[in-house]
Amino acid sequence: MKTAPPATTPTALSICNLALAKLGEAPINAITAMGNPAARLCHAHYHPVRREILCTNRWSFATQLVQISAPQGNPEESKPHDLPVNCLRVLEVNSPDWALRGRCIYCPEQTIDLLFIADVEDPVLFDPMFIEAFATRLACKLCIPLTSSSTAREALTQEYHRLALPQAAHVNAIQSHSNDSHPLYKLWRNSYSHGRICE
């Protein structure tokens, strides 16, 4: 029996070519500012679109938890804590009183725990539904320059907002909270803890 070939490892180039395929455009061989129009547009839009979509949701693959401290010897009641360089979006801070100003979190605590969305660049870490949403959004950005079709752009925009992004966010939420979000989880947990697993 033949085994299925291994899935292709996602790359920035494969995501760009998926976006181009949605436009009926030929694939490119490289993402470069010196290439053909499609290659140049992908070079200009790939990373801005990637960061945009990362900021739209609490993606599990991009969520990181770190501990950060304010500089020692600061007499101010509200101390500045520099955000990590790869922080795109602050999710949670374990302080009852904090504020984000620029690239600093101000709060009374000397050390805080920060949950944030990181600027993940490695496509291998992206989940498949995120990649589909990413490629759809990228196709929206490339559509007018490459096809001059406002109708196609509108269709892709609708697909992104109504289908691709919501589906990706939904699947991500299920994966992130697969146990405690299930309506039978508490019943299962209570039965397990008392040694009463259903037969």
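Begin by selecting helix α1, residues 12-22, where the buried residues, meaning those under 20% relative accessible area (over 50% being exposed and anything in between partly exposed, with a 1.4 Å probe and protein chains only), are I15, C16, N17, A19 and L20. Helices here are DSSP runs of H or I with at least four residues, strands are runs of E with at least two, and both are numbered from the N terminus. The model is a predicted one, in which local features need pLDDT of at least 70 and side-chain atom pairs count only at pLDDT 80 or more, while totals for chains, interfaces and linings use all residues. Residues are numbered from 1 along each chain as its sequence is written, and side-chain values use heavy atoms, with hydrogens and water left out.

With α1 still highlighted, add α2 and α3, since the cover over the buried residues of α1 includes both of these helices. Then step just past the end of α1 to G24, which takes a positive phi of about 75°.

**The α1 and α3 pair**

Two packed helices are described by the angle between their axes and the distance between the axes. Keep α1 and α3 on screen: their axes, which are lines fitted to C-alpha atoms over the stretch in contact, with angles running from 0 to 180 degrees between N-to-C directions, come within 8 Å and cross at roughly 55°. The two helices are therefore oblique to each other, on a scale where angles under 35 degrees count as roughly parallel, over 145 as roughly antiparallel, 65 to 115 as roughly perpendicular and the rest as oblique. The crossing of α1 past α3 is right-handed, that is, the near helix is turned clockwise from the far one by less than a right angle. To show the contact, defined as heavy atoms within 4.5 Å, select residues of α1 including I15, C16, A19 and K22, together with residues of α3 including E132, A135, L138 and L142.

At K22, display the side chains of K22 and E132, which meet in a salt bridge of 2.6 Å, N to O; the term stands for a side-chain nitrogen of Lys or Arg within 4 Å of a carboxyl oxygen of Asp or Glu. E132 lies in α3 (residues 128-147) and K22 in α1, so the pair ties together parts that are 110 residues apart in sequence. Both partners are partly exposed, E132 with a relative accessible area of 29% and K22 with one of 27%. Adding E159 to the selection brings up a network of salt bridges that links K22, E132 and E159.

**The α2 and α3 pair**

Now turn to α2 and α3, whose axes come within 9 Å and cross at roughly 135°; this pair is therefore oblique as well, and α2 passes α3 in a right-handed crossing. Among the residues that meet here are L41, H45, V49 and R50 in α2 and F130, F134, R137 and L146 in α3.

L41 of helix α2 is a useful place to stop, and at 17% relative accessibility it counts as buried. Leaving aside neighbours within four places in sequence, L41 is in contact with L142, P145 and L146. The C-alpha atoms of L41 and I31, which are 10 residues apart along the chain, are separated by 8.5 Å.

**Around D119**

Next select D119 and R50, which form a salt bridge with the closest N and O atoms 2.5 Å apart. R50 is in α2 (residues 37-54) and D119 is in the loop between β6 (111-118) and α3, so that the pair links distant parts of the chain, 69 residues apart. R50 and D119 are both buried. The side chain of D119 also meets that of R51 in a salt bridge of 3.3 Å, N to O, and R51 is partly exposed, with a relative accessible area of 33%.

**Cysteines and the whole chain**

Select the cysteines last: with a disulfide taken as a pair of cysteine sulfur atoms within 2.5 Å, the count comes to zero. The sulfur of C140 is 7.5 Å from the closest cysteine sulfur, in C143, too far for a bond. C140 is buried at 7% relative accessibility, and C104 is buried at 14%.

Finally, zoom out to the protein chain, which has five helices and six strands and in which buried residues make up 33% of the 199 residues. A search of the whole structure finds six salt bridges.
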